[in-house]
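Subject: Structure for you to look at

Hello,

Here is the structure I said I would pass on. Please open it alongside the notes below.

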Amino acid sequence: MTSGSSGQAPDLDTVRRVTGAVRHNIERVIAGKPDVVNAALVVLLAEGHLLIEDVPGVGKTQLSKALARSIDCSVRRIQFTPDLLPSDVTGVSVFNQDTREFEFRPGGVFANIVVGDEINRASPKTQSALLECMEERQVTVDNATYQLEKPFMVIATQNPIEMEGTYALPEAQRDRFMARVSVGYPVESAEIAMLEGHTAHNPLDDLEPVTDAGEIRKVVEIVGRVHVSPAVQRYAVALTTATRASNDLHLGASPRATLHLVRAAKAVAATQGRDYVLPDDIHGITSPVLAHRLLPNVEATMSGRTTAAILSGIIESVPVPAGPGSSGSRA
């Protein structure tokens, strides 16, 4: 794991300008949910993928569309259904009668931002079609590999698995999502404002891009130069290691989760105007980055202990770095 230091100070003014514009645009559609909007921006800047899980009707798809429309880049939406095929996602080779050769027809993942709506209504076989593209930014069909253009981000929505017609995401699929967030029900004032602003007209229709793919690539590069001190790196590793040693968990966090945790923390620091990561940046993003990857064991489930409660206890048990140098500064 690298520190992200390159000897050149990151252009944090550009990060603040771009993220501020995108945040303002999204909040025109999703009001009263600043934490959720910030999490989506952090995942975008950290080159991750976002899983939005909640009950129907709370704005999951609206949030994903608002983020996608705020960036002038290619966007595709895939509606996941039980009869969706893997080739609908990745693409398929079709025989051309005129040229007497097979031609590749790209699937829904060939875009900068892919909105996967209700991903857990498709079969596990179709869900698995996303594995390669999410991790390696490429698609392999009939022994031919096609690269996906950067930025590439999958924003998937899913309903709770207790709801009818859903399949649980495979562990490997969940692990490829950098973070999982829940929109939740709006507060009363926000819901009243929604009635006033959404009943006659959908504000999503008026959204115009406030940045483009090239500028997002530049901001992602800036975030990559944010410094992470050895002490903060050890803190991130200690958190994920503690999940693997927990007596309440059947499956702990993977090394990929550690990498995602540090990348997300770098994005958090950059959006707050810092070129170094604080332990608080790691602490604040740990739950959305790690919780969806963990599986409680039978004993914990039988005793009614939730994954969130188990993770909260683990976070509190890991000492936070203190003293000179722990702040992640370059001094």
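What follows covers one annotated span, one residue inside that span, and the cavity search.

Please keep in mind that this is a predicted model.

The annotated span
UniProt lists residues 242–311 as "domain: ChlI/MoxR AAA lid", and the entry is unreviewed. In the model, 61% of that span is helix and 7% is strand. The C-alpha atoms at its two ends lie 9 Å apart.

D281
D281 sits in helix α12, which runs over residues 279–290. Is this residue buried or exposed? Its relative accessibility is 4%, and buried means under 20%, so D281 counts as buried. The side chain of D281 makes a polar contact of 2.8 Å with the side chain of R274. R274 also appears among the residues in contact with D281 once neighbours within four places in sequence are set aside. The others in that set are A265, V268, A269, Q272 and Y276.

The cavity
Rolling a probe the size of a water molecule over the atoms shows where empty space is left. For this model, the count is 1 cavity of 30 Å³ or more. The largest cavity has a volume of about 50 Å³. Which residues line the largest cavity? They are L44, E47, R137, K150, P151, F152 and M153. By type, this lining has 4 nonpolar residues, 3 charged residues and no polar ones.

Regards

Terms used:
Residues numbered from 1 in each chain as written. Predicted model: local features only at pLDDT ≥ 70, side-chain atom pairs only at ≥ 80, totals over all residues. Heavy atoms only, no water. 1 Å grid on protein atoms, 1.4 Å probe; cavity = no way out; pocket = protein on both sides within 12 Å on 5 of 7 lines; lining within 4 Å. Points joined across faces, edges and corners; volume = space filled by probe spheres on them. Nonpolar A, V, L, I, M, F, W, Y, C, P; charged D, E, K, R; others polar. UniProt positions renumbered as here; feature names shortened; annotations may be inferred. Helix = DSSP H or I, 4+ residues; strand = E, 2+ residues; numbered from the N terminus. Buried < 20%, exposed > 50% of the residue type's maximum accessible area, 1.4 Å probe, protein only. Polar contact = N/O pair within 3.5 Å; in protein donor to acceptor, adjacent residues only side chain to side chain. Contact = heavy atoms within 4.5 Å.
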